[in-house]
Amino acid sequence: MLSPTPLSLFCALILCLPLVVIVTITSPTTTIHGGSEHDPVSDFALAAKTHQRFSVKPSPLPPADDKSLLPAASRVNSRTPPGLPKKIAFLFLTVSPLPFAPLWELYFNKTPKNLFNVYVHADPTYPYKTPFSGVFAHRVIPSKPTLRYTPTLISAARRLLAHALLHDRSNHMFALLSASCIPIHSFNFTYETLTQSEKSFIEILNNEIGSYDRWAARGPDVMLPEVKLEDFRIGSQFWSLTRQHARVIVSDEKIWAKFNQPCLVWDTCYPEENYFPTLIHMRDPRNVVPCTLTHVDWNGSSNGHPRMYAASEVGPQLIVRLRNDKPRYDDAGINGSDPTLMRWRDLFLFARKFSPDSIRPLMSIASDLIFKD
């Protein structure tokens, strides 16, 4: 037998190199972030990439940068496909782990998976030591840092909407939630309430105390001429939007350019409470119910934060009281005078803020009270 020459060995090595390169490129890995064992921001992209490798007709991954992501989302169909169940997109915006994940797991338990989707925007600067699991596993979208008194919370919500629009055309309503939010009705009750509505639920308040200071927080004339003081609105940052209004938000550049500027006076700067109600009021005020379906108690608020319920306060009486409370509607209506306001009797579907240690008493009353309507 002939001994291999150096030339033949070299040729064999060259022929093997392409195989090595292909194996290296197509093997997905999890990025280590900030020294943590798990990077939640990579979850969503990793799941999508893994699915893409085995799909017959893979859909393209959403663009990683906002400048490409938002225009792509703005081009999706504004209608859900006929003949398929409408879905609710639950959008969780968090800067920490989700302390009420077990309650949400129970909320989604035994619910057909073709009725909802979950998306999480998780601030990547937080050291997530425990991976998101269960219904939240692989649902973290590519996220960016968020900071109070800045437009970054608006950007995060727009990012969530864009991913939800691109991910599933059956997403009919888009509900924004925080880590301190809990459901106060069953999934079935919430699903029927939202999917039967053709209007968005977003708090739009006019002539609120402090409106001018908020409008002028970036400078006395910065918002002009696009956003006049008479068009400026205040409302909860937590809303439930139709697919049409979700597209309005991801498509907007003109009004966003005004709100995407730094405030000169930080203690009157709450962009996330002004941008969404102002934009929807200016673009399509007739197709909204001007209230939020997320209950919050501003009595005893501190440093711009609403009251936080302690674990000792959680019980059947609290849940019943939150359910029986009524949303606030703008006294003037959405166009100066709207007689239909007198007929609205909407119910809160969610509530905040609850302390993380409230999870135990909440779980103890979940099946027998919270999820029974």
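Of the 373 residues in the protein, 51% are buried, where buried means under 20% relative accessible area, exposed over 50% and partly exposed in between (1.4 Å probe, protein chains only). This is a predicted model, in which local features need pLDDT of at least 70 and side-chain atom pairs count only at pLDDT 80 or more, while totals for chains, interfaces and linings use all residues. Residues are numbered from 1 along each chain as its sequence is written, and side-chain values use heavy atoms, with hydrogens and water left out.

**Overall make-up**

The protein has twelve helices and nine strands. Helices (H or I, at least four residues) and strands (E, at least two) are DSSP runs, numbered from the N terminus. About 18,600 Å² of the protein is exposed, and carbon and sulfur atoms supply 59% of that area; accessible areas come from the Shrake-Rupley method with a 1.4 Å probe, and for residues only the protein chains shown count as cover. Among contacts between residues at least 6 apart in sequence, 81% join residues at least 24 apart, a contact being heavy atoms within 4.5 Å.

**Strands and their pairing**

Two strands pair if DSSP finds at least two bridges between them. Strands of a sheet pair through backbone hydrogen bonds, either parallel or antiparallel. Strand E3 (residues 171-178) is mostly covered, with eight of its eight residues buried. The pairings of E3 and of E4 can be set side by side.

| Strand pair | Sense | Bridges | Citation |
|---|---|---|---|
| E1 (residues 87-94) and E3 | parallel | seven bridges | |
| E3 and E6 (residues 240-242) | antiparallel | three bridges | |
| E4 and E9 (residues 350-351) | antiparallel | two bridges | |

Single residues show the register. Leucine 93 has serine 178 in E3 as its bridge partner, and alanine 175 stands opposite serine 240 in E6. Isoleucine 182 has alanine 351 in E9 as its bridge partner.

An open sheet of three strands has the order E4-E9-E8, with mixed pairing. Strand E4 (182-183) and strand E8 (294-295) stand at the edges with a single partner strand each, so one side of each is left without a neighbour in the sheet.

**Nonpolar cores**

A nonpolar core is a set of buried Ala, Val, Leu, Ile, Met, Phe, Trp, Tyr and Cys residues joined through side-chain atoms within 4.5 Å. The largest one has 52 residues, and those touching the most other members are Phe90, Trp104, Phe108, Phe136, Ile182, Phe354 and Leu362. Elements that give two or more residues to this core are E1, helix H4 (101-108), strand E2 (116-122), E3, helix H6 (187-195), helix H11 (316-324), E9 and helix H12 (359-370). H12 provides the largest share, six residues. Apart from this core lies another, of 42 residues, among them Ala73, Leu93, Leu241 and Val288.

Leaving out residues up to four places away in sequence, tryptophan 104 touches Phe92, Phe136, Leu177, Cys181, Ile182, Pro183 and Phe350. Of these neighbours, cysteine 181 is buried, with a relative accessible area of 0%.

**Aromatic rings**

The structure holds 27 aromatic pairs. Rings of Phe, Tyr and Trp (its six-membered ring) pair if their centres lie within 6.5 Å; planes under 30 degrees apart count as stacked, over 60 as edge-to-face and the rest as tilted. Phenylalanine 108 and phenylalanine 116 form a stacked pair, at 4.4 Å centre to centre with 20 degrees between the planes. Phenylalanine 108 counts as buried at 3% relative accessibility, and phenylalanine 116 is buried with a relative accessible area of 5%. Ring pairs link both of them into a cluster with Phe90, Phe92, Trp104, Tyr107, Phe136, Phe187, Tyr191, Phe350 and Phe371.

**Cysteines**

A disulfide is a pair of cysteine sulfur atoms within 2.5 Å, and by this rule the count comes to one. Cysteine 263 is joined to cysteine 269, S to S 2.0 Å. The link between cysteine 263 and cysteine 269 is right-handed, with 65 degrees about the S-S bond, and both of these cysteines are buried. Cysteine 291 is also buried, with a relative accessible area of 0%.

**A loop residue**

Asparagine 206 is placed in the loop between strand E5 (200-201) and helix H7 (211-215). Not counting residues up to four places away in sequence, asparagine 206 touches Phe232, Arg233 and Asp330. The C-alpha atoms of asparagine 206 and glycine 235 are separated by 9.0 Å, with the two residues 29 residues apart along the chain.
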